Amino acid sequence: MLVLSLSTVAFLGLAQLADASGPPSTHRRTPGGGQTMNLVRSAPNSNVWSTQQWGHWAKTQKSSLEAKYGGAGASDTGVKKKRATGTNYMTNQNGDSSYFGSLAIGTPPVSYNVILDTGSADLWLAGSDCTTGCSGVATFDPSSSSTFRNESSPFSITYGSGQAAGFLSQDVVQMAGFEVQNQIFAVCEQVSGGLLTAPVSGLLGLAFQTIASSRAPPFWETLVTEGAWDEPVMAFQLTRYLNVSGVQTLEPGGSFSMGFANSSLYTGDIDYVNLPVTGSYWVLPITSISVQNQSISPPSGQQAYAAIDTGTTLVGGPSSYIAEIFQQIPGSAPGTGDFESYYTYPCDTDVTVALSFGGRTWSISPADFRLARLTQRECLGAFFEIDSGGSSAPSWIVGDTFLKNVYSVFRYSPASVGFANLSAVALAQSGDASGAVPSATIGSSAARVSATGSMLPKAHRGAGIKIGPRLLYATFVSLLITIAGVQSVLL
């Protein structure tokens, strides 16, 4: 997850998420039925951020993202193995600032809320012996699980705002009706302040094994390589509550589908583009950019590479291209102080940016481009400058500012990312004041496999790219927990 989601509204709070193991259902029906989830709703948060608070947040996001991306089959008796599909309903936190799902670990299984991050590849949870950075969050107790095994290997992952450290373990992990019996994950005993905010207990990385700090096969990759999914795909539909009047701290966040693309949530065909580089990030080349229907010179070569990251809120790119984007917006100006590397623009201007990755062109809503209203007339844009420091990390990070506008599909084979137009059903879920936040459920697993993949040698890890778990979220939450919420323009 990249520089951790950066939307434009920031209400403090996290939601318990959908089905941890059994396929859950809220007020919507899922194909093939499912279990019933209790629905909860939180009270609205009315506190407003000042310009200074937004500045501190913006500055932190930039440094975190750059740090994250390196800037300046079982044969065991009784193991069920059949193809299936599953859906995990998500929670939208703080007006599109982040999106969370739930999974369950151990025997008996206990559910935990985790960030769903296509920008990293490790699974980790705060442990019951956590001494720092874990106050108020649900923690994993190894002694409570009869199937827990300590791997006796140290684990640490570093973010721009801090790090998480502990030890590697293995246990049963369940999510959306799937189960991996001996999944490697980290139990963290030390977490930098602000990396976790209740009720989120950890992070689930959804990128490839080669960038995992643990060197272990990710949960999703085990499921797809062991043939547990009907199709080798996972897909996201993210809701929008940014700039919605009366938005609450927790809102329905959309859905994370495993093993299929939910045809009720998109229209037309899915436009797939093959990854130019496989086995690390979900990277696509940006081939065209337009602002207010005016094309700008597209990047080329490695400067065109963009990580498609559900764990990042905003869109970051090289300074020259970000400057050119804002040059198309009359009245825009570079930010100063904490807003350095960001741009402001007149709030009475609706800005539409469109991106192409070699296939169709996809537009970003003006509501998503507006990150925050700093004054009555001055707004903060959701595109900002990042510096990859000449490393092999992607030059662009394309996060939820873009992904809320499409149905996104991440395909294992052939390795590619696809986008499609959102359906009327999906669009109606955004800003729905009657929507209920899903809570976690635990049930029987429709498909069960064992993790048979081996851990990569240390020299191989990262394939030359150092990436940590959803960096941005860590720093974003660290700011949020010092403030109570945001205004209606929120992240």
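This report describes two annotated aspartates, a five-stranded sheet and one buried serine in a predicted model.

**The annotated pair**

The "active site" annotation, which comes from an unreviewed UniProt entry, covers Asp117 and Asp309. These residues are spread over 193 residues of sequence, yet they cluster in space, with a largest C-alpha distance of 6.7 Å. Asp117 belongs to strand β6, which runs over residues 110-117. Asp309 sits in a loop instead, between β18 (305-308) and β19 (315-317).

Are these aspartates buried or exposed? Asp117 has a relative accessibility of 0%, and because buried means under 20%, Asp117 counts as buried. Asp309 is also buried, with a relative accessible area of 0%. The side chain of Asp309 reaches the backbone nitrogen of Gly119 at 3.4 Å.

**The sheet around β18 and β19**

The two strands that flank the loop of Asp309 are β18 and β19. Both belong to an open sheet of five strands, in the order β15-β18-β27-β19-β26, with mixed pairing. The edges are formed by β15 (283-285) and β26 (383-385), each of which pairs on one side only. On average, neighbouring strands of this sheet are turned by 30° against each other, direction ignored.

Strands of a sheet pair through backbone hydrogen bonds, and the pairing is either parallel or antiparallel. Here β19 and β27 (residues 396-398) run antiparallel and are joined by two bridges. Val315 has Val398 in β27 as its bridge partner. A helix, α3 (residues 319-327), packs on the sheet and touches β19, β26 and β27. The direction of α3 makes about 140° with that of β26.

**Serine 145**

Where is serine 145 placed? Ser145 lies in the loop between β7 (123-126) and β8 (149-159). Its relative accessible area is 9%, so Ser145 is buried, the limit being under 20%. Leaving out residues up to four places away in sequence, Ser145 touches Gly106, Thr107 and Asp171. With Asp171, the side chain of Ser145 makes a polar contact of 2.7 Å. A polar atom of the Ser145 side chain also lies 3.4 Å from the backbone nitrogen of Phe148.

The table lists the side-chain distances given above for Asp309 and Ser145.

| Side chain | Partner | Distance |
|---|---|---|
| Asp309 | Gly119, backbone nitrogen | 3.4 Å |
| Ser145 | Asp171, side chain | 2.7 Å |
| Ser145 | Phe148, backbone nitrogen | 3.4 Å |

Methods. Residues are numbered from 1 along each chain as its sequence is written. This is a predicted model: local features need pLDDT of at least 70, side-chain atom pairs count only at pLDDT 80 or more; totals for chains, interfaces and linings use all residues. Side-chain values use heavy atoms; hydrogens and water are left out. UniProt positions are given in the numbering used here, feature names are shortened, and annotations may be inferred rather than shown by experiment. Helices (H or I, at least four residues) and strands (E, at least two) are DSSP runs, numbered from the N terminus. Buried means under 20% relative accessible area, exposed over 50%, partly exposed in between (1.4 Å probe, protein chains only). A polar contact is a pair of N or O atoms within 3.5 Å; within protein, one must be able to donate a hydrogen and the other to accept it, and residues adjacent in sequence count only if both atoms are side-chain atoms. Two strands pair if DSSP finds at least two bridges between them. Axes are lines fitted to C-alpha atoms, for helices over the stretch in contact, and angles run from 0 to 180 degrees between N-to-C directions. Contact means heavy atoms within 4.5 Å.
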